[in-house]
Amino acid sequence: VTEPLVILEVNRDELGAPIRLETVLGSEERFPHLYGPLPTRAVAFIRTLEITEDAIRVGDPEHLDRTGG
């Protein structure tokens, strides 16, 4: 992967599309799947995600400033 990986924290009330909890092949764990586009206004925080051979590191949340300031 050449681009940085990120985790998006979203405001569920802003999605405008259904979320379904579904299992993925080979697992009994359920994961949320969004059935529709992800509006940028729904993204409240972004976290960096770094995966190495030794660890998985999740960065502190960065709040998205939507005020234009």
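Begin by selecting strands β4 and β6 (residues 62-63), which pair in the antiparallel sense over two bridges. The model on screen is a predicted one. Within this pairing, pick out Ile-46 and then look across to β6, where Glu-62 is its bridge partner.

Keep β4 selected, since the next stops also involve it. Add strand β5 (residues 56-58), which runs antiparallel to β4 and is joined to it by three bridges. Label Leu-49 here and you will find that it stands opposite Val-58 in β5. If you then trace the chain from β4 to β5, you pass through a hairpin whose connection consists of four residues.

Now extend the selection towards the N terminus by adding strand β1 (residues 5-10), which is joined by six bridges to β4 (residues 43-51), with the two strands running antiparallel. To fix a point of reference in this pairing, select Ile-7 in the company of Arg-47, the residue of β4 that serves as its bridge partner.

With the strand pairings in view, switch to a surface or pocket display and turn to the largest pocket, whose volume is about 170 Å³. Its lining can be selected as Leu-8, Val-10, Arg-12, Leu-15, Ile-19, Pro-32, His-33, Leu-34 and Leu-38. Colouring this selection by element shows that β1 and β3 (30-34) are the elements that give two or more residues to the lining, and that β3 supplies the largest share, namely three residues. If you recolour the lining by residue class instead, it divides into seven nonpolar residues, one polar residue and one charged residue.

Finally, clear the selections and show the whole chain as a cartoon. The protein contains six strands and zero helices, so that, read along the sequence, its pattern is β-β-β-β-β-β. The radius of gyration is 15 Å, whereas the globule rule gives 11 Å for 69 residues, and because the value for the protein is well over that figure, the protein is more spread out than a compact globule. Reducing the display to the C-alpha trace, you can follow its extent along the principal axes, which is about 45 × 35 × 20 Å.

Two further views of the whole chain complete the tour. Colour by burial, and the buried residues make up 9% of the 69 residues in the protein. Then draw the contacts between residues at least 6 apart in sequence: of these, 40% join residues that are at least 24 apart.

Conventions:
Residues numbered from 1 in each chain as written. Predicted model: local features only at pLDDT ≥ 70, side-chain atom pairs only at ≥ 80, totals over all residues. Heavy atoms only, no water. Pairing = 2+ DSSP bridges. 1 Å grid on protein atoms, 1.4 Å probe; cavity = no way out; pocket = protein on both sides within 12 Å on 5 of 7 lines; lining within 4 Å. Points joined across faces, edges and corners; volume = space filled by probe spheres on them. Nonpolar A, V, L, I, M, F, W, Y, C, P; charged D, E, K, R; others polar. Rg over C-alpha atoms; globule rule 2.2 N^0.38 Å. Buried < 20%, exposed > 50% of the residue type's maximum accessible area, 1.4 Å probe, protein only. Contact = heavy atoms within 4.5 Å.
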